[in-house]
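Biologist: I have a new model open on my screen and would like to learn how to read it. Could we go through it together, one question at a time?

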Amino acid sequence: MIVAAGQFAVTPHWETNAETCVALMAQAAAHQAALLVLPEALLARSDDDPHLSVKSAQTLDGGFLTRVLNESRRNSMTTVLTVHVPSAAVAGRAVNTLVVIRAGEIIARYAKLHLYDAFNILESTWVDAGGEVAPVIEIAGIKTGLMTCYDLRFPELALTLALQGAELLVLPAAWVRGPLKEHHWATLLAARALDTTCYVVAAGECGNKNIGQSRIIDPQGVTIAAAAEAPQLIFAEVTQARIHETREKLPVLRNRRFGPPQLL
């Protein structure tokens with residue numbers, strides 16, 4: 001199947017960001033993509049207010065997702081993105097929520113498990129962590145696991161998804177710039193593919209503070225499509241044959257000597 005990853009610079013205005021998502025969805029569908037992955041936290045972003053995305057949180061029936069869902073009804077493509085949803089626990093807080101959209105419906109959701117409390121940033125100041133691993137879903141016959149941004153640094157999550165049957169991992173992200181951060185991004189994406197013998201489709205926000213660099217990695221850790229720092233839509237073909245070939249030659253999932261990882 002054809003998969004796509006789209007990156008753009010999120011603006012402070014959710015209406016503008018929704019229209020950009022709609023445009024990328026239309027372009028991906030026109031290229032016969034079965035899967036489109038978009039970046040993390042798409043409601044709003046501002047260099048002057050690091051918490052704007054949380055302050056702009058919307059419910060899943062809000063204006064942003066309503067527009068995206070309307071576009072989704074035009075085709076059978078699966079689209080993955082994340083938005084901040086108001087917390088049910090504490091007013092003024094939010095949950096960083098990945099949603100999977102197909103045919104105008106939300107078919108799966110996932111609350112980000114690992115909050116970005118690193119490199120002098122504290123996502124947990126405003127955001128509630130999730131408590132459950134996302135369900136593995138099927139897209140055009142390929143079993144797909146769901147992760148978000150900082151989750152990439154925790155191999156046990158990717159491995160858990162692979163042990164639950166995932167053959168492809170998706171990762172919306174807003175990877176913050178900084179010393180060695182681009183190196184970390186590229187290395188970790190390849191590592192998670194090799195840990196799990198899964199494809200990885202990662203979309204990165206490409207504003208002033210984030211690196212962009214969306215990538216599609218094959219199960220042997222090879223980058224088969226990549227973007228730089230500017231807005232771009234990338235495509236690659238993923239196949240069951242490549243997954244099976246890799247897992248036959250590199251049966252790390254079968255050769256493991258440890259029990260299933262304990263996440264929580």
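Biologist: Let's start with a pair of strands. Which residue in strand 4 is the bridge partner of threonine 78?

Modeller: Happy to help, and please keep in mind that this is a predicted model. Strand 3 (residues 78-86) and strand 4 (residues 94-102) pair in the antiparallel sense over nine bridges. Threonine 78 belongs to one of these bridges, and its partner in strand 4 is arginine 102.

Biologist: Strand 3 also has a parallel partner. Which residue in strand 3 is the bridge partner of leucine 36?

Modeller: Strands of a sheet can pair in parallel or antiparallel fashion, through backbone hydrogen bonds. Strand 2 (residues 35-37) pairs with strand 3 in the parallel sense, over three bridges. The bridge partner of leucine 36 is threonine 79.

Biologist: Is strand 3 largely enclosed or not, and how many of its residues are buried?

Modeller: Here a residue is called buried if its relative accessible area is under 20%. Strand 3 is largely enclosed by the rest of the structure, because the buried ones among its nine residues number eight.

Biologist: Now the open sheet with the order 9-10-11-12-13-14. Which strands stand at its edges?

Modeller: Six strands form this open sheet, and their pairing is mixed. An edge strand has a single partner strand, so one side of it is left without a neighbour in the sheet. The two edge strands are strand 9 (137-139) and strand 14 (223-226).

Biologist: What is the average twist from one strand to the next?

Modeller: Picture stepping across the sheet in the order 9-10-11-12-13-14. From one strand to the next, the twist averages 25°.

Biologist: Which helix packs on this sheet, and what angle does its direction make with that of strand 13?

Modeller: Strand 12 (residues 199-204) and strand 13 (residues 215-217) pair in the antiparallel sense. Helix 5 (residues 181-196) packs on the sheet and touches both of them, as well as strand 11 (168-173). The direction of helix 5 and that of strand 13 make an angle of about 30°.

Biologist: Last, the largest pocket. Which helix gives the most to its lining?

Modeller: The largest pocket holds about 710 Å³ of space and is lined by 35 residues. Those residues divide into 17 nonpolar, eight polar and 10 charged. Helix 2 (52-55) and strand 7 (121-122) each supply at least two of them. With three residues, the element that gives the most is helix 2.

Technical notes: Residues numbered from 1 in each chain as written. Predicted model: local features only at pLDDT ≥ 70, side-chain atom pairs only at ≥ 80, totals over all residues. Heavy atoms only, no water. 1 Å grid on protein atoms, 1.4 Å probe; cavity = no way out; pocket = protein on both sides within 12 Å on 5 of 7 lines; lining within 4 Å. Points joined across faces, edges and corners; volume = space filled by probe spheres on them. Helix = DSSP H or I, 4+ residues; strand = E, 2+ residues; numbered from the N terminus. Nonpolar A, V, L, I, M, F, W, Y, C, P; charged D, E, K, R; others polar. Pairing = 2+ DSSP bridges. Axes fitted to C-alpha atoms, helices over the stretch in contact; angles between N-to-C directions. Contact = heavy atoms within 4.5 Å. Buried < 20%, exposed > 50% of the residue type's maximum accessible area, 1.4 Å probe, protein only.
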